[in-house]
Amino acid sequence: MDRTTPSERPEMTLQLTIDCADPQRLVPFWLEALRYVPDPPPAGHATWRAYWEAVGVPEEELDGDAGELPESIVDPEGTGPRVWFQRVPEPKTVKNRVHLDLKVGGGRDVPLALRRTRVDGEVARLTAIGATVLYTMDRPNGMDYYAVVLQDPEGNEFCLV
């Protein structure tokens, strides 16, 4: 149990980090999928790389074109987490242990037929920009559930619910 008072706790925000081979392949996809915008570099810096260099990040930590183009995205409304696409050398080899659920159907208060229409509309939108459908979770026999599992262009699973 945390016994610190609110004034003693450090400030905390949530950032979602997605390991990937090519941030520039995933950023455009997830910008569109989440309806986010590129995270602008701090004021006074043309790029994130310029900022990192200004604060003393060693050149050997800035591989290739790191920071020259957007590698992180943010919710324009300021409510969702920042998402950073971190370049890593190893390829994805197994199923994600954590994945995103994009809740586009409206929840169980919305009739199932309308939720299906909404989810299927998003499936069409996202497959047009590079997602791949893995399978549909459709519970017949009175189970009021519908979701579609997809992969982004690098194979990361996510659900439309």
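In what order do the elements of the protein run from the N terminus on?

1. From the N terminus, the elements of the protein follow the order β-α-β-α-β-β-β-α-β-β-β, which comprises 3 helices and 8 strands, where helices (H or I, at least four residues) and strands (E, at least two) are DSSP runs numbered from the N terminus. The model is a predicted one, in which local features need pLDDT of at least 70 and side-chain atom pairs count only at pLDDT 80 or more, whereas totals for chains, interfaces and linings use all residues. Residues are numbered from 1 along each chain as its sequence is written, and side-chain values use heavy atoms, with hydrogens and water left out.

2. On overall dimensions, the radius of gyration of the protein is 19 Å, well over the 15 Å that the globule rule gives for 161 residues, so the protein is more spread out than a compact globule; the radius is taken over C-alpha atoms, and the rule is 2.2 Å times the number of residues to the power 0.38. The C-alpha trace spans about 60 × 45 × 30 Å along its principal axes.

3. Buried residues (under 20% relative accessible area, with exposed over 50% and partly exposed in between, for a 1.4 Å probe and protein chains only) make up 32% of the 161 residues.

4. The largest nonpolar core, meaning a set of buried Ala, Val, Leu, Ile, Met, Phe, Trp, Tyr and Cys residues joined through side-chain atoms within 4.5 Å, has 22 residues, of which Trp30, Ile73, Phe85, Leu126, Leu150, Phe158 and Leu160 touch the most other members. Two or more residues each come from β1 (15-20), α1 (23-34), β4 (82-87), α3 (112-128), β7 (146-151) and β8 (157-160), and α1 gives the most, with 6 residues.

5. Phe158, in strand β8, counts as buried at 0% relative accessibility. Leaving aside neighbours within four places in sequence, its contacts (heavy atoms within 4.5 Å) include Trp30, Leu126, Leu150 and Asp152.

6. Asp152 deserves a separate look. This residue lies in the loop between β7 and β8 and is buried yet has no salt bridge, the nearest side chain of opposite charge, Arg25, being 7.3 Å away; a salt bridge would require a side-chain nitrogen of Lys or Arg within 4 Å of a carboxyl oxygen of Asp or Glu, and charge is assigned with Lys and Arg positive, Asp and Glu negative, and His and the chain ends not counted. A polar atom of the Asp152 side chain does, however, lie 2.8 Å from the backbone nitrogen of Glu154.

Note on methods. A polar contact is a pair of N or O atoms within 3.5 Å; within protein, one must be able to donate a hydrogen and the other to accept it, and residues adjacent in sequence count only if both atoms are side-chain atoms.
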